[in-house]
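Colleague: I'd like to learn to read this model feature by feature. Could you take me through it?

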Amino acid sequence: MSSITCQCSWLLSNSSPVVVANDKTNDVRHTNFAQIPSWISLKSSHSSLRTHQNQQGQVENLHLISLAKQGKLREVHEFIRSMDKVGISINPRSYEYLFKMCGTLRALSDGKLFHNRLQRMVNSNKFIDNCILQMYCDCNCFTAVERFFNKMIDRDLISWATIISAYTEEGSIDEAVTLLLRMLDLGFIPNSSIFSTLIMSFADPSMLDLGRQIHSQLIRIGFAADISIETLISNMYVKCGWLDGAEIATNKMTRKNAVACTGLMVGYTQAARHWDALLLFARMISEGVELDEFVFSIVLKACAALGELFTGRQIHSYCVKLGLESEVSVGTPLVDFYVKCARFEAARQAFKSIREPNDFSWSALIAGYCQSGKFDRALEVFKTIRSKGVLLNSFIYTNIFQACSAVSDLICGAQIHADAIKKGLVAHLSGESAMITMYSKCGKVDYAHQAFLTIDKPDTVAWTAIICAHAYHGKASEALRLFKGMQGSGVRPNAVTFIGLLNACSHSGLVKEGKQFLDSMSDKYGVNPTIDHYNCMIDIYSRAGLLQEALEVIRSLPFEPDVMSWKSLLGGCWSHRNLEIGMIAADNIFRLDPLDSATYVIMFNLYALAGKWDEAAQFRKMMAERNLRKEVSCSWIIVKGKVHRFVVGDRHHPQTEQIYSKLKELNFSFKKGEERLLNEENALCDFTERKEQLLDHSERLAIAYGLICTAAETPIMVLKNTRSCKDCHDFAKRVSIVTGRELVVREANRFHHINSGECSCCDYW
């Protein structure tokens, strides 16, 4: 009642002087009553008092509406009690806002109180009834909704639209359709909004028949020609998976629009009908349909899926012509398109054109750097955007986990993992699987296993990641145990799972188990073996010395063997010193890849071991004549977050003198019988330099640097881009005995965990 008091105070303070009495004076002054409003005059009539009460009610109801709009539920109840005390009633408009407030706040009990009060004090009307119905719908109290709706005497289209919309939004489509039929039976003609609400809810193939019936009803009523209804019908058929119906609906539109066409294009891309999406885009241009940025985002996805570089470039030019390339919704798909077409510089330029790149734009750029092998650059970009406070997403973190895997930066990977957990951005399954791979490739298979155990329900990718992790660390028995667990959990393996299993068998000499896995793939698991699986089997036989069996596998392949088939066989021939089968393998490798330098090296060594120096010299001569240069063998070690790289004979490191001094301390004797053989690191060196060069192998340089610069109690982890030679492998084992240090070597094929002179590979690699 404070507002009335304030008004009275204002009137008294601004009126003419009245009689004032106190102890000191008794001065009576005459007042001009004509200047005082009639509704506060002491001489006012009964009608003026009623007017005063009505005006008071208006003020109070306005204040009540204000409180309701602000959602101040407690204050509303207090104010209503004060109104009741002075006999001021709540008007219909106030009830409207009270019910709206209760619906917004989901305050069902309060809404019922206001409803009961209304029934006692005011006669109902259609408008208020619809407000009450909407309130019950907003509170999701469908028993009250149904009860009140059935009691409504004067229902209108708003009543029907309200209840049908509520059931639709709740997902109770059957009830919504039943109400529609009831409405039609009672002679009501639904308006377009009722049909729109229903049509938008049909998003599943099981609802296709119902959608068709609604479409037929619309045609009978005459709403089918409405452009908004036509668009909804087309999109409904797309969502229900009936693209033929969507095509018909789109083609029959009185005037095609970008929304309908974009919806159909989305349907095409989801069904892998990317060419149809491109053809529809071409028709849109020819028919003069107004294009927006969303059309371009979809058509660029279609080009990316098809690898249609030429078409995508034309569309890019069209975007530039329309001035859309700077829009993030167009620029981001452009970056993604060029990345998937392996045009990374074009992707970078497209990214630079985006006016305000978002997290998906950055994610596409980082993915491009990862796919192009520029992992260091990907990490630099990530650190930059993180320091700038750019919004990140789970896709960015998943790509960065992969980058950390590639560079084997454990410290960086662990920090990024912690950051992703803190932000809640470890993508379920995909991100978690990437973490397993990251820790595995950083040499921490135990961390990888812990990451796997945190996954609630691992999928095929997660199981495959942990199986491969144990396989590449030489833990074949654990990999096979995990595969049994995968089977027990009901998760089906895929082609990559069997690659991991076969590699596990290959690195541990499990010939029988490997053959069983290959034979069971198709019949038991429905996975057709590819050339990669057969190559794994060839490798298993070759490593085990079963070279004739490996050759038979190659000759009986259901498809042409590739160069890797013969390389696997040749590797086994070198390990087991078999020149005869090695010649067969080498001839086929030269036919498929005449510039493979590793084959020349192996054949030189095989002939040299057999004492056939003239033949051996021919291979060395051919290498020189053809100017063959293999990728430089490189080893690196990460110390305090910095990468230190070494190549054979490297003397560029700032601590070169200390490194070579450490090597001289560890200068072990070589086996005299193999002093004159070549390997990948010294294949092009003079024989007189052989003994000296062996001391300078990149792996040894990295190990020596690790001994100098890391704490005595920590393992030394060295990474290589090629396979370890036997001499360096033996060197690492001896270092572990002399220094008492654990060494972890990640080479091209697997991990070696070396401790006290023993290696996890059991000298089988």
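Colleague: Start with the cysteines. Is Cys240 buried or exposed?

Modeller: Keep in mind that this is a predicted model. Burial is read from relative accessibility, and under 20% means buried. Cys240 has 3% relative accessibility, so it counts as buried.

Colleague: How many disulfides does a search of the whole structure find?

Modeller: Zero. The test is distance: two cysteine sulfur atoms must lie within 2.5 Å. Take Cys404. The closest cysteine sulfur to its own belongs to Cys412, at 4.0 Å, which is too far for a bond. Cys404 also counts as buried, because its relative accessibility is 0%.

Colleague: Now strands. Why is E1 described as largely enclosed by the rest of the structure?

Modeller: Count its buried residues. E1 covers residues 634-639, and five of the six are buried, so the rest of the structure largely encloses it.

Colleague: Which strands are joined to E1 by bridges?

Modeller: Look at bridges and direction. E2, residues 642-647, is joined to E1 by six bridges, and the two run antiparallel. E3, residues 716-720, also runs antiparallel to E1, with two bridges between them. For the register, read the opposing residues. Trp636 faces Arg645 across the E1 and E2 pair. Ser635 stands opposite Lys720 in E3.

Colleague: What should I expect of the side chains in a strand?

Modeller: In a regular strand they alternate between the two faces of the sheet.

Colleague: And the turn from E1 to E2: which residue there takes a positive phi?

Modeller: Lys640, with phi near 55°. The hairpin has two residues between its strands.

Colleague: How do I look for a pocket?

Modeller: Rolling a probe the size of a water molecule over the atoms shows where empty space is left. Here, the second largest pocket holds about 500 Å³ of space. It is lined by 21 residues, and those closest to its centre are Leu410, Lys444, Ile638, Pro715 and Met717.

Colleague: Which elements give two or more residues to that lining?

Modeller: Helix H23 (410-423), E1 and E3. So E1, with its two antiparallel bridges to E3, turns up again in this lining.

Colleague: Next, a helix. How does the span of H38 compare with the expected one?

Modeller: Compare the distance between the end C-alpha atoms with 1.5 Å a residue. H38, residues 698-709, has twelve residues and reaches 17 Å, close to the expected 16 Å. H38 is also mostly covered, with ten of the twelve buried. Among them are Glu699, Arg700, Ile703 and Tyr705.

Colleague: Pick a single residue in another helix. What does Asn535 touch?

Modeller: Leave out residues up to four places away in sequence, and Asn535 touches Asp562, Met564, Ser565 and Ser568. Asn535 sits in helix H30, residues 531-543. At 5% relative accessibility, it counts as buried.

Colleague: Last one, a loop. Where is Asp456, and is it buried or exposed?

Modeller: Asp456 lies in the loop between helices H25 (445-453) and H26 (460-472). The cut-off for exposed is over 50%. Asp456 is at 64%, so it counts as exposed. Its C-alpha is 9.2 Å from that of Leu429, 27 residues apart along the chain.

How values were computed: Residues numbered from 1 in each chain as written. Predicted model: local features only at pLDDT ≥ 70, side-chain atom pairs only at ≥ 80, totals over all residues. Heavy atoms only, no water. Buried < 20%, exposed > 50% of the residue type's maximum accessible area, 1.4 Å probe, protein only. Helix = DSSP H or I, 4+ residues; strand = E, 2+ residues; numbered from the N terminus. Pairing = 2+ DSSP bridges. Expected span 1.5 Å × (residues − 1). Contact = heavy atoms within 4.5 Å. 1 Å grid on protein atoms, 1.4 Å probe; cavity = no way out; pocket = protein on both sides within 12 Å on 5 of 7 lines; lining within 4 Å. Points joined across faces, edges and corners; volume = space filled by probe spheres on them.
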